[in-house]
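Visitor: Could you take me through one part of this model up close? I'd like to hear about the aromatic rings and how they pair up.

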Amino acid sequence: STARLREAIDLYREVGDRPAIARATAGLGRSLALGQAIGEAVAVLEPAIEEFQDLEAQPEGVALLVTLSTACMKGEDYPRALALADRALPVADRLDLPELAAEALINKGSSLLPLGRAYEGLGLTRAGIALAEETGATDQALTGRIAMTASIGERDGAAALQMGRAGLADARRLGLRSRAIGFVGNAAESARWMGEWDWALAELQTFLEADLGTAQRSWLLSGAVVFRGWRGEPIERELAELRELQSAEDSYTFADADRADVGSCLGLATGHLADARAAAHELARLSELNEPAALAIAVRASLWMRDAEAAARDLGTLEGTGIRGPFVTMRRATFRAGLAALEGRSSEAHALYANARRAVADQRMAFEAALVAIDMVTLLGPDDPEAVAAAAEARPVLERLQARPFLPLLDGKSWQDGRRP
């Protein structure tokens, strides 16, 4: 535990064992970082690296560098995470430290992915995971898989969900709760669009019933609030708890990002589209990792408001992220169809929507397919034959998900009073 590690550091200081102090400090920093206490981890590791500069060519110094790289990667300070990983990798290689080399490779790859360097990032992350698995570094391998589920969610939601569920099972089998939390939090975000709401809510609730750190509880509770809000369930008590939790978090734990994520998602369900778009922009500003998902909500909110100019701006920003993959490609095609419909290019809109519907069906993204149907009803009109067909397919999906706030939209009606918007 962190308490025991702090005690160990104090004992080593009493006897003047500097390598042991550095080693225990790296362990403390890693425990804090993996428990989402990013700010505390950075505060522990930064002065230690300064204090033990003379050990940088030794295993203890490499461990400090790699661990701070991990904290920076998880805190989305990607340039610094990359610099620290590059600083540590040559020494880890020379000293034959495969666990630390694997973690540094994972940090480097995971930091490149949100920056649009997909092939390089995926390759390095996979190489780090493979090295960790080959050398029995189970914890590093799981950490890499958690990072992968977060990074590929906007590229391939089905793959991210599958990876997250498998990782959750492995972490549970090994009794590694903090890794299990990482897997369930990331997988739950992919489950939104895949339509695996029952699974996600059940898993989130299991962890929410346990003793969690402030940042972990805020993250998982935010995910649960999105699903319950999308079902039209009462969430006032959970929102109040989130406000309390987020006021207690430090600046590295993304309380503001959690709040913006909830606001953008709930705005779509309640018809507060301008608020949804504003919250999505805030999330995109706060989190490079979540920027593509946030911008997709912003585009959709703009389209549902029939604001072609705003939708075009948001789509341009989304395309500028450089994120590639089947999921984001399908979304871009859907949004281009919506712009074509708003601008009166009906034939083009119908063709693009037909392609988008095939793509979303191939990817088995049930809720995303229902949102595409709502797009079509809203922008082509509720009497358009293709929109009617899409709505007919979407209705049983939304009924299965109990997504009550979205059902009136399939008929071209508004959220609150049944009138057409």
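Guide: Let's start with a term: a residue is called buried when its relative accessible area is under 20%. Keep in mind that this is a predicted model. By that cut-off, tryptophan 230 and phenylalanine 367 are both buried, and they make a good place to look. Their ring centres sit 4.9 Å apart with the planes at 35°. Planes under 30 degrees apart would count as stacked and over 60 as edge-to-face, so this pair goes down as tilted.

Now see where the two partners come from. Tryptophan 230 belongs to helix α12, which covers residues 214–230, while phenylalanine 367 is part of helix α20, residues 366–380. The pair therefore ties together parts that are 137 residues apart in sequence.

Step back a little and the pair turns out to have company. Ring pairs join Trp230 and Phe367 with Trp193, Trp197, Phe227 and Phe406 in a cluster. For the model's aromatic pairs, the count is eight.

One member of that cluster, Trp193, also has a charged neighbour worth a look. Arginine 331 lies over the face of tryptophan 193, 4.5 Å from the centre of the ring. So if you're turning the model on your screen, begin at the tilted pair of tryptophan 230 and phenylalanine 367, follow the ring pairs of the cluster to Trp193, and finish with arginine 331 over that tryptophan's face.

Conventions:
Residues are numbered from 1 along each chain as its sequence is written. This is a predicted model: local features need pLDDT of at least 70, side-chain atom pairs count only at pLDDT 80 or more; totals for chains, interfaces and linings use all residues. Side-chain values use heavy atoms; hydrogens and water are left out. Rings of Phe, Tyr and Trp (its six-membered ring) pair if their centres lie within 6.5 Å; planes under 30 degrees apart count as stacked, over 60 as edge-to-face and the rest as tilted. Helices (H or I, at least four residues) and strands (E, at least two) are DSSP runs, numbered from the N terminus. Buried means under 20% relative accessible area, exposed over 50%, partly exposed in between (1.4 Å probe, protein chains only). A charge sits over a ring if NZ of Lys or CZ of Arg is within 6 Å of the ring centre and within 35 degrees of the ring normal.
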